[in-house]
Amino acid sequence: MVHFVGAGPGAPDLITLRGAELLERADQVIYAGSLVNPALLERCSDHCRILNRAGMTLEDVIAAVCDAESRGETTVRLHTGDPSVYGAIREQMDRLDECGIAYDVTPGVSSFCGAAAALGAEYTLPGVSQTVILTRMAGRTPVPERESIARLAEHGSSMTVFLSAGMLSALQEELLKGAYTPDTPAAIVYKATWPEEKTVRCTVGTLAEQAKENGIDRTALVLVGEFLEADYERSRLYDPGFTTGYREGREKT
Ligand code: SAH
């Protein structure tokens with residue numbers, strides 16, 4: 001059996017209870033090199049075989065899994081954040097299906113949640129934005145043209161950009177082709193929830209300059225949108241005058 005497990009964004013106590021238990025019981029763990037905090041591996045038993053995926057191809061991973069299966073062992077495939085976000089788990093699951101190997105997925109706290117926590121920010125402020133776009137710049141992995149940052153930026157919604165810390169000048173340019181302006185609030189969050197976490201508040205117009213000044217060119221998220229600053233409307237859910245399925249409003253709104 002293979003368990004895909006979300007390790008969370010970095011801090012070792014941000015893995016789920018289920019994920020931690022699976023790690024403790026695993027015979028083999030294949031983890032995502034630089035992005036998973038090695039402190040998490042301290043949960044593994046003494047007999048557990050620990051492989052760093054950094055030097056492995058998809059074929060190597062599947063071969064290691066098949067090897068473990070032939071001995072009746074359990075593998076945990078430990079992914080950073082949540083495995084469903086840029087985790088390349090689909091191709092692994094498809095191979096496992098072909099091999100007739102059973103698997104399940106345990107979600108994790110994605111780094112975009114860790115970054116918001118680091119900033120004390122809420123992506124979905126009433127009257128500001130009710131949408132979060134999770135995206136990336138095209139790199140070696142292409143992005144469909146209809147999802148280019150410039151096109152997504154037309155919405156002016158809250159946005160989190162993954163995998164792009166090394167190309168912030170280009171990102172900045174793309175963002176400005178949409179509804180954002182050079183003054184739109186932005187933030188760069190480096191290694192959210194790790195001990196070396198760094199948060200830099202800036203604007204869309206100063207993203208590249210601020211990243212350079214702070215020596216950030218990897219393992220960072222870029223957050224963009226008025227949610228980082230704007231005035232907002234009170235949430236209707238907690239408004240005394242607002243009737244919900246669970247609570248009668250005291251006054252009409
Ligand atoms: N599955 C992961 C994302 C993997 S893609 C998740 O849910 O978070 C790897 C990218 O995620 C990195 O290039 C970086 O942009 C971002 N990332 C991962 N962990 C991070 C962290 N702790 N702080 C900031 N960005 C992080």
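Of the 18 residues around the ligand, which come nearest? In this predicted model, the nearest residues are Val-85, Ser-110, Ser-111, Ala-192 and Ala-220. By class, the shell around the ligand comprises 11 nonpolar residues, together with 5 polar and 2 charged ones.

The overall division of the chain provides the setting for this site. The protein chain is divided into two parts, domain 1 spanning residues 2–106 and domain 2 spanning residues 111–228. Taken over C-alpha atoms, the centres of domain 1 and domain 2 are separated by 28 Å. Contact between them involves 12 residues of domain 1 and 11 residues of domain 2. Each of the two domains also contributes at least three residues to the shell around the ligand.

Polar contacts to the ligand were then examined. An oxygen atom of the ligand lies 2.8 Å from a polar side-chain atom of Ser-110, a residue that is also among those nearest to the ligand. For Leu-163, a polar backbone atom is found 3.0 Å from an oxygen atom of the ligand. The backbone of Lys-191 likewise takes part, with one of its polar atoms 3.4 Å from a nitrogen atom of the ligand. Taken alone, the ligand exposes 540 Å², of which the protein buries 94%.

With respect to the cavities and pockets of the protein, the ligand sits in the largest pocket. The ligand in this pocket is thus described by a shell with residues from both domain 1 and domain 2, and by polar contacts that include the side chain of Ser-110 and the backbone of Leu-163 and of Lys-191.

Definitions and conventions: Residues are numbered from 1 along each chain as its sequence is written. This is a predicted model: local features need pLDDT of at least 70, side-chain atom pairs count only at pLDDT 80 or more; totals for chains, interfaces and linings use all residues. Side-chain values use heavy atoms; hydrogens and water are left out. A residue is near a molecule or strand if one of its heavy atoms lies within 4 Å of it. A polar contact is a pair of N or O atoms within 3.5 Å; within protein, one must be able to donate a hydrogen and the other to accept it, and residues adjacent in sequence count only if both atoms are side-chain atoms. Accessible areas come from the Shrake-Rupley method with a 1.4 Å probe; for residues, only the protein chains shown count as cover. On a 1 Å grid over the protein atoms alone, a cavity is a set of points where a 1.4 Å probe fits but cannot get out, and a pocket is an open set with protein on both sides within 12 Å along at least five of seven lines; lining residues have an atom within 4 Å of a point. A molecule sits in a cavity or pocket if more than half of its atoms lie within 2 Å of its grid points. Ala, Val, Leu, Ile, Met, Phe, Trp, Tyr, Cys and Pro count as nonpolar, Asp, Glu, Lys and Arg as charged, and the others, Gly among them, as polar. Domain bounds come from an automatic or database domain assignment. Contact means heavy atoms within 4.5 Å.
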